[in-house]
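Subject: A structure to look at

Hello,

Here is the structure I promised to pass on, and below it I have set out what turned up in it. Please read the notes with the model open beside you.

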Amino acid sequence: MSLTHSTVASRRSRRRSPLLRISVAGAAAASLVAAGAALPAVAAIGGNTLSIDAASVVRPVTHVAAGGLYGLATASTPDPASLLPLHVNQFTQPAPGVQQLGNGATTPSGDALKVAPSLISAGGQETVRMPDIYPDWPYKWVSWSDYLSKVDTMVQARVSATSTTNINGWELWNEPDGTWNTSAAGPFNDGWSRIYNEVKKYDTVTPIVGPSISSYNHDWMTSFLTAAKNAGTVPDVISWHLWSSDALPGELADLRGIESSLGISPRPVSINEYAWPDQVDVPASSLRYLATFERATDVRDAERAYWYESGTMNGLFVNGQPTGTYWLYKWYGDMTGNMVSVAQNGLQDGIASLDTTRKILTAVVGGATGDNTVSVKNLSGFGSSVAVTVLSTPDSGRLHAVSAPTTIWSGSLTVTNGAISIPLTGQDPGAAYEIVVTPTSGPVTSYQQTYEAENASVVNGIRYSSSAASNGGYVGGLDNSGDMRNDSFVDFLVNVPVAADYSLSIRYANGTGATSTQGIAYDGGAWSTVSYPATGGWGAQGKFATVSGPTLHLTAGYNMIRLAKGSPYFAGGTGYAELDSISLSTTAAVPGWSQPSNPPAATFVQRLEAESGTVSGGNVTASSNASGGSFVGGLDSSTSSVTFHPNVPTAGTYRLQLGYANDGGYTQNGTLDAVVGLTVNGGAATNVTLPVTGPWGANGGSFPVATTTVQLNAGTNSVTIAHQANQNYAELDYAQFSSPAGAVVR
């Protein structure tokens, strides 16, 4: 989409998504046996148990949903270095010569060819959204001669960009079920074939992506694919937009049924826009989509929807700084090895990966409320006890920076019959939680040394599975033609701890019977050649061997290593070879692995619901998103306030966390923030800033947390949050008081 704010509001009301914050009932008791550091005290565990099966492989880690629509505004916005930790996969960017003015923008941005170098350096691929050559939304049709002329210009510009290797799709139109002008342009199915054939005049290589309808519709898809089959213009990649993660399995099954009935081979699927505005910037809600996409192995890629500013990765950055949802995608980007099975349980969902080479299991979970459990079974090879770290990232909204996730607990757990249980106490339903499990001595290596080809950016190659391959997968089908659009290569984004010389080894298979070659280059440097002696068979026969590559001088942090059969500025390799993995090692001193320290836990926690306080000049409204089932809104006048009455054991400094909503619909004093007055026991008022969160509570919004400190007396206190004149508005869900003020609430 490329929507104005008014359009967002109308579409949002028309197609409502499931609400985010729904309390989970149940308090079955459970206990955990800890080895080493003690677990946090838990009064009631088991309200929700999310199960992870470490032995059930779903697919290789490819970060299928790490990307976005209009995620880059220019080649430097966001900073290309900030993309590297996200291990980006796929983007949809505007056409070369873009004129589209999205969401109040005054200048076009995101030209696919202009941002290509930044995405290539980060390992990201691009689909080109062709109708963004028009400035208006919805698109204003001019004429067939006008659009076909523009198509010719766009395609020829791409073909002329001979160093651009990451354009993997032409999206012929966007949301034709709502933006196609049938009266002026004729039926879309006919128009699709006309545009398809125009693109193919100049580019017979790049895949065609479509129909990119605004949401899946059986009748619409059946009509479209029937017409495309008859015209010989079936898209190479089927695309549509998704606004409910729960709908995807049924939609995929329906598509496969249509394809089968028409005799069309199953196509890869691109969900090139996902998540509503009240979901896309909420970690737990975004996570629900990630989990759905990872389970749906038919999905090739999925991109975060564009609702606000281009160049922010759709809310992952604010003023170049990470938001709470950024850390969700950073954790996702850190995953290596294979994705393993996570059994969704109600609102609690998650993703998990297992790197058997380093022995690291990583899980990201979220969605439930209160005290819950994450269980891991079939955990083998980690020993009789494991080190576990649990971190959290808050529901901060898109305009509030979060400098780092919070470590909630770090310690050891005993492995019993290959299983462990990890408590999540006081879980915030909008937040996301990362769980990292290793042997107690740490991972096998202090930094990642082995990189699987199937986890890397694979361009014009094929991922295969084999029990003989390291971590079960490898990449084949690597070929070259001297054309950057279909040359084959694998880009390995590696992360090393120190600047030094690194030895490189490559695990491969070569069944040609003769030595084959590929090119190798790193960080945009010069090419050299790697030779692969024959191995007596291919990866399918398990015929892998290892060869040494050149010594690489890598900088500390991220580096990109390309192994290519063909690539710009490389004449091309000889013969054929399949790639299993690469490994890096250095004789330089590198930091060892150390488990994060266990942060202090709050010894006193009291949450008070706003609707149970003294409400003046406001109203109580029910919401399943609110922690107690209701919140207080309408705090709009000079007499509007909510007074809480915390009863604390000792006098001192307490952390105060306010659950609130501020939809940013007002701009008092030139800011979108709400500034409320905080008064303790009748003292002088101080200001508390409540940044924009998203929709109001009555519109399905969630209630992120703002944190400050207060001085309380022993016993009962009076803490008032009041609307202030000439300030923006906020709704209140709860106030939570905890001590010590610097400790984490578990």
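Strands here are DSSP runs of E with at least two residues and helices are runs of H or I with at least four, both numbered from the N terminus. This is a predicted model, in which local features need pLDDT of at least 70 and side-chain atom pairs count only at pLDDT 80 or more, while totals for chains, interfaces and linings use all residues. Residues are numbered from 1 along each chain as its sequence is written, and side-chain values use heavy atoms, with hydrogens and water left out.

The cavities come first. A cavity is a set of points, on a 1 Å grid over the protein atoms alone, where a 1.4 Å probe fits but cannot get out, and its lining residues have an atom within 4 Å of a point. The structure holds six cavities of 30 Å³ or more, and the largest has a volume of about 90 Å³, a volume being the space filled by probe spheres set on the points, which are joined across faces, edges and corners. Ten residues line this largest cavity, and those closest to its centre are Val390, Ile408, Pro423, Leu424 and Thr425. Strand β18 (420–427) and strand β17 (406–414) each give at least two residues to the lining, with β18 providing the largest share, four residues.

Then there is a pair of helices. The axes (lines fitted to C-alpha atoms over the stretch in contact, with angles from 0 to 180 degrees between N-to-C directions) of helix α4 (residues 144–160) and helix α7 (residues 188–202) come within 9 Å and cross at roughly 35°.

Best wishes

Note on methods
On a 1 Å grid over the protein atoms alone, a cavity is a set of points where a 1.4 Å probe fits but cannot get out, and a pocket is an open set with protein on both sides within 12 Å along at least five of seven lines; lining residues have an atom within 4 Å of a point.
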